[in-house]
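This report describes the fold, the core and selected residues of one protein chain. The sequence and the structure are shown first.

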Amino acid sequence: MAAIAPIPRAAQITMKIRSRKLHGFQVFDVLGDLVDDTAKELKQFVEKSVEGERPHFLLNLNKVGTLNSYGISILVWMWQWIGKKQGTLCLTGKPHLSKKF
């Protein structure tokens, strides 16, 4: 009887977020994939990082490789959430990401 090889676990998807200030905006540089669990991490990070009553964010997605529908839903949530606070959300990213919107 042939030995059965274990099925390798899927590679863990990771994302890093770097926060910085630029001309009155909080800039979040997102590195990695914006999908499922990592999108949840971004939401939690943004909620904890709000400064002031009218937050101004620039979300830099230039180093995001994959963006799925859940990631997009988190971006929509951010836009609505920041809008309720009368803030501003700007996005920047690679051209292939803009096709998803």
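## Strand register and the parallel pairs

The model is predicted. A convenient point of entry is Phe28, which stands opposite Leu59 in strand E3. The two strands concerned, E2 (residues 25-34) and E3 (residues 56-67), pair in the parallel sense over 7 bridges. Within this pairing, Gly32 has Val64 of E3 as its bridge partner.

Strand E3 also runs parallel to E4, to which it is joined by 6 bridges. Here Phe57 stands opposite Leu89 in E4. Between these two strands the chain passes through helix H2, and the resulting β-α-β crossover from E3 to E4 is right-handed.

## Overall architecture

The protein chain comprises 3 helices and 4 strands. Read from the N terminus, its elements follow the order β-β-α-β-α-β-α. Of the 101 residues in the chain, 30% are buried. Among contacts between residues at least 6 apart in sequence, 70% join residues at least 24 apart.

## The sheet and its helices

The 4 strands form an open sheet of mixed pairing, in the order E1-E2-E3-E4. Strand E1 (15-22) and strand E4 (88-93) are the edge strands, each pairing on one side only. From one strand to the next, the twist averages 20°.

Helix H1 (residues 36-49) packs on this sheet and touches E1, E2 and E3. The direction of H1 makes about 165° with that of E2. Helix H2 (residues 69-84) likewise packs on the sheet, touching E2, E3 and E4; the angle between the directions of H2 and E3 is about 175°.

## The nonpolar core

In soluble globular proteins, nonpolar side chains tend to be buried together. In this model, the largest nonpolar core has 20 residues. Leu34, Leu42, Leu59, Leu75 and Met78 have the most contacts inside this core. At least two core residues come from each of E2, H1, E3 and H2. Helix H2 supplies the largest share, with 7 residues.

Leu59 therefore appears in two settings: it is among the core residues with the most contacts, and it is the residue of E3 that stands opposite Phe28.

## A buried acidic residue

Is Asp29, a residue of strand E2, buried or exposed? With a relative accessibility of 5%, Asp29 counts as buried, because the limit for that class is under 20%. Which side chains, then, make polar contacts with that of Asp29? One is Arg20, whose side chain is joined to that of Asp29 by a polar contact of 2.6 Å. Another is Asn60, where the polar contact between the side chains is 2.8 Å.

Residues up to four places away in sequence aside, Asp29 touches Lys16, Ile17, Arg18, Arg20 and Asn60. Both polar partners, Arg20 and Asn60, are thus included in this set of contacts.

## Positive phi values

His23 lies in the loop between E1 and E2. Its phi is near 50°, a positive value in a residue other than glycine. The relative accessibility of His23 is 76%, so His23 counts as exposed.

Asp36 is also a residue other than glycine with a positive phi, in this case near 35°. Asp36 belongs to helix H1. With a relative accessibility of 44%, Asp36 counts as partly exposed, because that class lies between the 20% and 50% limits.

## The segment before the first strand

Thr14 is located in the segment before E1. This residue is exposed, with a relative accessible area of 53%. Neighbours within four places in sequence aside, Thr14 is in contact with Leu31, Gly32, Asp33 and Thr38. One of these contacts, Gly32, is the residue whose bridge partner in E3 is Val64.

Thr14 and Leu34 are 20 residues apart in sequence, and their C-alpha atoms are 8.8 Å apart in space. Leu34 is also one of the residues with the most contacts inside the largest nonpolar core.

Methods
Residues numbered from 1 in each chain as written. Predicted model: local features only at pLDDT ≥ 70, side-chain atom pairs only at ≥ 80, totals over all residues. Heavy atoms only, no water. Pairing = 2+ DSSP bridges. Axes fitted to C-alpha atoms, helices over the stretch in contact; angles between N-to-C directions. Contact = heavy atoms within 4.5 Å. Core = buried A, V, L, I, M, F, W, Y, C linked by side-chain atoms within 4.5 Å. Buried < 20%, exposed > 50% of the residue type's maximum accessible area, 1.4 Å probe, protein only. Polar contact = N/O pair within 3.5 Å; in protein donor to acceptor, adjacent residues only side chain to side chain. Right-handed = clockwise from strand over helix to strand, strands pointing away.
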